[in-house]
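Trainee: I would like a close look at a single part of this model, followed outward to whatever surrounds it. Please start from one side chain and take the rest from there.

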Amino acid sequence: MLQAALQAGTADRPCVFELFARRLPPGRRYGVVAGVGRALRALEHFRFDAESLEFLRGAHVVDDRTADWLADFRFDGSIWGYPEGEVYFPGSPVVVVESSFAAGVVLETVLLSIYNHDAAIASAASRMTAMAGDRPCIEMGSRRTQELAAVAAARAAYVAGFEATSNLEAGRRYGVPTRGTSAHSFTLLHADERSAFAAQIAALGEDTTLLVDTYDVEAAVRTGVELTGGRLGAVRLDSGDLAVMATRVRELLDSLGATGTRIIVTSDLDEFTIAALSGAPVDGYGVGTALVTGSGAPTCGFVYKLVARAESDEPGAPLTPVAKKSADKISVGGRKYAVRQLSAQGVAEAELVGIGAVSRHDSDDRELLVPLVVDGEVVGKEPLEAARERHRRVRAELPLEALKMSRGEPVVETVYAGAGATPGNPYAAAGR
């Protein structure tokens, strides 16, 4: 596309691209925006070095003129987007890219790959932390996904409320708190469980977490309590009927005087099993496979479409909305502006998407798009803690139905307004 546009003389045509989802995964009621910080960092380092250009030329992917353009590429446009941790709905303009056609089109894959992955993880994580309530969730999925994806997944999970990760690279790179427990192999290394527990406690202290289901849970708990004089930090259950086992272990711990010892559960947890464990005496959850695979929705279905183009290359040339008309894959033309409509009580009521201008709204509502890049300069960086706090705040704005685990429709309706807008959300039919 880039090469053809350069040859046709349209590469410098001012354009607007939009990243959005036509629908949420089946049954989901909201999605979570994540990956913004990673995307901005990727954009700062988005370059075509000599080795890359040599490959592109040698494989006859591009001609010399296109390779020369890529060699000098630095994104010089502007990007607006939903801030990290915000929630989104079908049709929400999560990212708006204003640039030349050439500059915008080469960003398509890098933006989609980051947003589709990270937002899928954060959306699943948000459902899990909502069900966990005040009980902490620990991300433990590194062994269930690709090694680089594991680091990104830990970051996205933290944005959506997870307390920590077992992935140390996520701690080094992003400052995500790290935490973990021993595996069964450490117990099996020793002649007996007592020797294994004693070695772990000697190295890590009495506040460590002992894995107690290698052999006999009750015997293991008694041993751990005895070795620490009742001061054992936590035990981890990784098999069996977790609700029943947690109840029995809690009763046993209390009877032994270890009332402060916590119970952590793992074993293929997801938002549904976490919800089912809400009445059990559990103090925390370790979540792996379901989290890093999006709990059944490993991608958000985000797409990246051209929604407006200028009629000429002249600065300030008016933009003409453009849109796809394909069955089940339509798009809505025009540069978008988004507002979250809130009730007087602060509850989200609608996603107002203005075409060409901001929709009319009152002072209780919140404009959603913030500047991320201005004339090629990244301006949207923020601490990860800011995104985490934002998600906590905006999830609390959603109607209570958002936290139901039963299948349902998006809890907030997307409403378009402005030139060319049709009543309601044109993506609603595509989502059924």
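Mentor: Start with a polar contact: the side chain of Thr 228 reaches the backbone oxygen of Gly 224 at a distance of 2.9 Å. Keep in mind throughout that this is a predicted model. Thr 228 belongs to helix H11, which covers residues 217-228. Its relative accessibility is 0%, so Thr 228 counts as buried, the cut-off for that class being under 20%. Once residues up to four places away in sequence are set aside, Thr 228 touches Ile 201 and Glu 206.

Ile 201 leads on to a second threonine. Thr 208 is in contact with Ile 201 too, and also with Gln 200, Leu 232, Gly 233 and Ala 234, leaving aside neighbours within four places in sequence. Thr 208 sits in a loop, with helix H10 (193-204) on one side and strand E8 (209-211) on the other. At 10% relative accessibility, Thr 208 is under the 20% limit and therefore counts as buried.

Back to H11, this time as a whole helix. H11 packs with helix H12, residues 242-255; their axes come within 11 Å and cross at roughly 35°. The crossing of H11 past H12 is right-handed. On the H11 side the contact is made by Val 217, Glu 218, Val 221, Arg 222 and Val 225, and on the H12 side by Met 245, Val 249, Leu 252 and Leu 253. Sorted by class, these are seven nonpolar and two charged residues, with no polar ones.

Another helix pair can be set beside this one. Helix H3 (residues 50-58) and helix H4 (residues 64-71) have axes 10 Å apart and pack at an angle of about 165°. An angle over 145 degrees counts as roughly antiparallel, so H3 and H4 are roughly antiparallel to each other. Their crossing is right-handed. H3 contributes Leu 53, Leu 56 and Arg 57 to the contact, while H4 contributes Asp 64, Ala 67, Asp 68, Leu 70 and Ala 71. By class, the contact of H3 with H4 holds five nonpolar residues, three charged residues and no polar residues.

One further loop residue deserves a look. Ala 160 is found between helix H7 (147-159) and strand E7 (164-165). With 0% relative accessibility, Ala 160 counts as buried. Ala 160 and Ala 122 are separated by 38 residues in sequence, yet their C-alpha atoms are 5.4 Å apart in space. Apart from neighbours within four places in sequence, the contacts of Ala 160 are Ala 122, Ala 125, Ser 126, Thr 129, His 391 and Arg 395.

Finally, the setting for these details. The protein has 432 residues, of which 52% are buried; Thr 228, Thr 208 and Ala 160 each count as buried. There are 15 helices and 19 strands in the protein. Along the principal axes, the C-alpha atoms fill a box of roughly 80 × 55 × 35 Å. Of the contacts between residues at least 6 apart in sequence, 71% join residues at least 24 apart.

Technical notes
Residues are numbered from 1 along each chain as its sequence is written. This is a predicted model: local features need pLDDT of at least 70, side-chain atom pairs count only at pLDDT 80 or more; totals for chains, interfaces and linings use all residues. Side-chain values use heavy atoms; hydrogens and water are left out. Axes are lines fitted to C-alpha atoms, for helices over the stretch in contact, and angles run from 0 to 180 degrees between N-to-C directions. Helices (H or I, at least four residues) and strands (E, at least two) are DSSP runs, numbered from the N terminus. Angles under 35 degrees count as roughly parallel, over 145 as roughly antiparallel, 65 to 115 as roughly perpendicular and the rest as oblique. A crossing is left-handed if the near helix is turned anticlockwise from the far one by less than a right angle, and right-handed if clockwise. Contact means heavy atoms within 4.5 Å. Ala, Val, Leu, Ile, Met, Phe, Trp, Tyr, Cys and Pro count as nonpolar, Asp, Glu, Lys and Arg as charged, and the others, Gly among them, as polar. Buried means under 20% relative accessible area, exposed over 50%, partly exposed in between (1.4 Å probe, protein chains only). A polar contact is a pair of N or O atoms within 3.5 Å; within protein, one must be able to donate a hydrogen and the other to accept it, and residues adjacent in sequence count only if both atoms are side-chain atoms.
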